[in-house]
Amino acid sequence: MPEAADDAVKPEGEGEAPAEAEEKPAEDDEALPEGEEGVHQSQEITGLFLLHPETTVAITGTDIVFTAKVDSTTLSRKPTIKWLKGKWLDLGSKAGKHMQFKETFDRATKIYTWDMKIIKVVPGDAGAYRCEVTSKDKCDSSAFDISVEGEWDILGTLTTVPLRDAGEDEGSLDFSALLKKKPVVDEEKADVWEILKNAQPSEYEKIAFEYGITDLRGLLKRLKKMKTVEPKHSDAFLKRMESAYSVDKGKKIVLQVEVVDPNAQVKWLKNGQEIKPSAKYIIESIGNIRTLTINKCSLADDAAYECVIGEEKSFTEVFVKEPPVTITKLLDDYHVVVGERVEFEVEVSVEGAHVNWMFEDQELSRDSHKYRFKKDGLKHMLIIQEASLDDIGMYWCFTNGGRTKGELEVEEKELEVLQNIADLTVKAEDQAMFKCEVSDEKVTGKWLKDGVEVVPSSHIKLTHIGRIHRLTIDDVKPEDAGDYTFIPDGYALSLSAKLNFLEIKIDYVPRQDPPKIHLDTTGNMVSQNTIIVVAGNKLRLDVEISGEPPPTVVWAKGDTAITAVEGRVRTENRKDLSCFVIEGAEREDEGNYSIIVTNPAGEDKAHLLVKIVDVPDCPENVKCTSVGEDCATMVWEPPKFDGGAPVTGYLMERKKKGSTRWTKLNFDVYEGVTYEAKRMIEGVLYEMRVYAVNGIGMSQPSLNSKPFMPIAATSEPLGLKVHDVTDTTCTLKWLAPEKIGAGGLDGYVIEYCKEGDTEWVVANTELVERQTYTVRNLPTAEKINFRVVAVNIAGRSPPTGLTQPVTIREIVGEFSVARRNRTLLFCPSFVSILNKVLPLQWYKDGEELDSRVASVRNSEVDSILFIRSAERSHSGKYELVLQIENMEARTTVDIKTPGPPEVVKVTDVWGFNAALEWKPPKDDGNCEITGYTIQKADKKTNEWFTIYEHNRRTNCTASDLIMGNEYMFRVYSENLVGKSEDFCLSKDTAIIPKIGLEYNPPPFKEKDMQSAPKFIQPLLDRSVVAGYTTAISCAVRGFPKPKIRWLRNKIPLDENPRFLMQNNQGVLTLNIRKPSQYDGGKFTCKAINPLGEDVVECTLLVRGMDGEGQGGREVEGEWWVEYRDGETD
């Protein structure tokens, strides 16, 4: 086929004449043009591939399939494959109705086969594709292209256009003649490319046959490249969006265009629908830039997007990639027998992920009745209810991120004979029964007599119950004798036995035997002749009888005979057997029963006691006896009838009045008849009912109790105090209870008693609603205790009383002094008169106390003197005076600072520490010593420094003393008033001696860090696509820091703005911005410093969008480019 030597450098629209193309014979492989040689090389089997996917030209609307094969005999792991479109788009996430992927494995040849099928090809499927296969540390890649043509009828063209030189018969196609090379007429010099550019698609075949061109596919491919139309210049957009974008699910993507007019208004469309701004879609306009940001992309965002300005549009597609679903738990192999259940189970990394199941190379349908598919969170299960021999094979589970397999082996289940058929010898009119038992109850079979299958009839009956198979012959006759065989279905097994007929001839002698009742005392009989039946159950009592002639049987309850043969209570009589039946036993059926058998030879009788047990009756008289805040106490009476079995306990339920929803109060049986129900809501009406339980079951519920309401008494009243006292009365005041509850508050009851008595007297005959009350007619000069109780519908609250009894008289008592923490309090121990603040006065050292020195607070029951910050000036004698009419009371207290400690001495000195001890001061200032302050000073400076404050012990350790110094120490004592005015100085000093120390530093040798440049990471050969920015990197070390130079084909790149050189801590990067097909070649990196230099090289191959590599050719260190324009080379 004629084609240019280098498509990358040929001007668009220019081609070669067919005559020039014919000068190089196609059958000589060595003479092929460079482009053709690349095509043949890409189809060779190299690396891991046995079969590569091939470049295809598809017609719109048709289906195409690409196949790749890999031999795994030399691989240590199973190979995996990826189908990619363009540079990065993984097609695995696009599997669906349009694209389907299939994988098969041939166990005999160990060859994996992968198929990618595109259904109903559309123009958007055109482009460059790549198939990558990896296995541990091995990998291989194969590139191929898809070209999509419009729909045109090639066959119609072939049948309607007359063909020249197609053979003797021009009306038919002779392809063998068409493929023969035809001589080309040189004088015509026809330009095939110009002819094809101006021709219709329907004429392509005719032109190819006319000019002897056999590679029609390559012809159409190159013609499409030649017809590439320059994009139309846009008046609205300076920069459009790329044709497609890819984003991971859950990530953010930004679509951006650059417009000509910064004030232009744009619209963003998704699948033709306008996008409104929201938290998910953020539309921004900054200068000439218009952006659409899509947050947290989902599969719903996989769509076509447009940016519209007036009549012009910028179009793109966004592909949302789902993260691969990996398999975290692999399938297990199963070995089962026929009929057993098989359950394959896998676990995947994503909950709710889609998985596919396959058996061998067939996908399992979810509509199949044989297989069940189950999903539980991360677990996916394939269930085979009953395995058969047809299910033997390999089962696969596939996700978009992995696969796993499990093998199923099924073996036939051996049938075990548990009981064989035995030979029988029977008399005439007797019954013959052949019986056998096998291990599988599902096995069926057939019976044969003398080789002929036995047909069931009224004379011969065939039964199959569980694992037992029976053949029963009633009234055996001589013709029934023979060999009988049982053959299980599906098993090579037979069981045989012989029936012998015994014919006995005897003279008939009448025989008489007295009747006999053979009563079985096992089963429901708890004691001899006593039968217990649960009410509602069926009682069937089979009694064997004997006697000759056959006796007459009569059943009776008490003195009443039972003659009915039908109905709920009936009798059934057969030969040698009499049955007594009670259907649905009731309490009335309980009693004594008898059976009487008689014949001419005698009579026999037996007595039976039938006892009917049932659930008990319901409990009675359920009522509430007391209530609390959230509880109630319930009582009830046991049921009148216990059902014939002792009552083991009770179950309780409650509900709110008006509701139909009952709540269980206990789940375990409660044995008592008094129960405290808890966790109820105060103020809500409740009803309760009770069930009785015995060994048979639970009774019907009792009648509902009367409605009751949980209510609690109030808490005790607060703040009870005496308001006024006279010779015969006492007025009390108090506050309402803190908690009243739903029962409210009806009033108060006031009680009193003399000190030492335990009998309380109620002071008020009616409830007091106010919170004050005057108790009258009290004995004068007696000490009386008072208390108050709150009352509501639930009863009395806890009482609240006074802390001390009240004396019924107007007198004043003595003063007392109290101390709280570090504050002195002076409190009179009496109750104030007439509820007034008492006339109190404070004096210091005989003079009235200045309010600026201390604060005084007087109340009805005490007086408090505050000195916020005690100082030495506050020391002195304080006096409190209370005067009422002609009565006066005084109290005095002395307040002063303590004296200094005694005998401070240094007890020990070690290292940089000194131990001190002293004795407490003799004068503590009428107050407890709260601590000591210790100070130190060295004799060089005589400056004092505090080392401890508020030290409560009479010893301490002074640390961090300086070597070579001599130290003195002094101690102050402290009490609540403050620190002592004087101190006690230590009698001896602490000397910290010097110790001779000499430091000899180790010798320091400076390390020589200089080294010549050396590359620790070389440059790697790269193959990139034209138009995509790329970078090459290496790493170097050396000291001093080496100078770096980059060269391309031995030409320095220092001044070239298209190449950006970076050096980051020895990591060297050369960035090449949008390389063209002329930017390939050999790149060199040199590192130079005074100690030497080092060089690394690599080759960069720049490929066109068609996947063909176009690198520069190195000829004596310079680049050369070949142009072909008509007749000029």
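Here are three short exercises on this structure, each with a worked solution.

The model is predicted, so local features need pLDDT of at least 70, side-chain atom pairs count only at pLDDT 80 or more, and totals for chains, interfaces and linings use all residues. Residues are numbered from 1 along each chain as its sequence is written, and side-chain values use heavy atoms, with hydrogens and water left out.

**Exercise 1.** Work out which strands are the edge strands of the open sheet of five strands.

*Solution.*
- Start with the terms: strands are DSSP runs of E, at least two residues long, numbered from the N terminus. Two of them pair if DSSP finds at least two bridges between them.
- Next, write down the order, which is E20-E27-E26-E22-E23, with mixed pairing.
- Now look for strands that pair on one side only: these are E20 (334-337) and E23 (362-363), the edge strands.
- Zoom in on one pairing: E22 (residues 356-359) and E26 (residues 393-399) run antiparallel, joined by four bridges. Here Trp 357 stands opposite Cys 397 in E26.

**Exercise 2.** Find out how many disulfides there are, and explain why Cys 631 has no bond to Cys 624.

*Solution.*
- The rule first: a disulfide is a pair of cysteine sulfur atoms within 2.5 Å.
- Apply it and you get zero disulfides.
- For Cys 631, the closest cysteine sulfur belongs to Cys 624 and is 9.2 Å away, so that's too far for a bond.
- Then check exposure, where buried means under 20% relative accessible area, exposed over 50%, and partly exposed in between (1.4 Å probe, protein chains only). Cys 631 is buried at 16%, while Cys 139 is exposed at 60%.

**Exercise 3.** Classify the aromatic pair Tyr 670 and Tyr 675, then the pair Tyr 752 and Phe 786.

*Solution.*
- Rings of Phe, Tyr and Trp (its six-membered ring) pair if their centres lie within 6.5 Å; planes under 30 degrees apart are stacked, over 60 edge-to-face, and the rest tilted.
- That rule gives 21 aromatic pairs.
- Tyr 670 and Tyr 675 sit 5.1 Å centre to centre with 80° between the planes, which makes them edge-to-face. Tyr 670 is partly exposed at 29%, but Tyr 675 is buried at 16%.
- For Tyr 752 and Phe 786, the centres are 6.3 Å apart and the planes at 45°, so this pair is tilted. Tyr 752 lies in strand E55 (residues 747-754) and Phe 786 in strand E58 (residues 783-792), so the pair ties together parts 34 residues apart in sequence.
- Tyr 752 is buried at 18%, and Phe 786 is buried at 2%.
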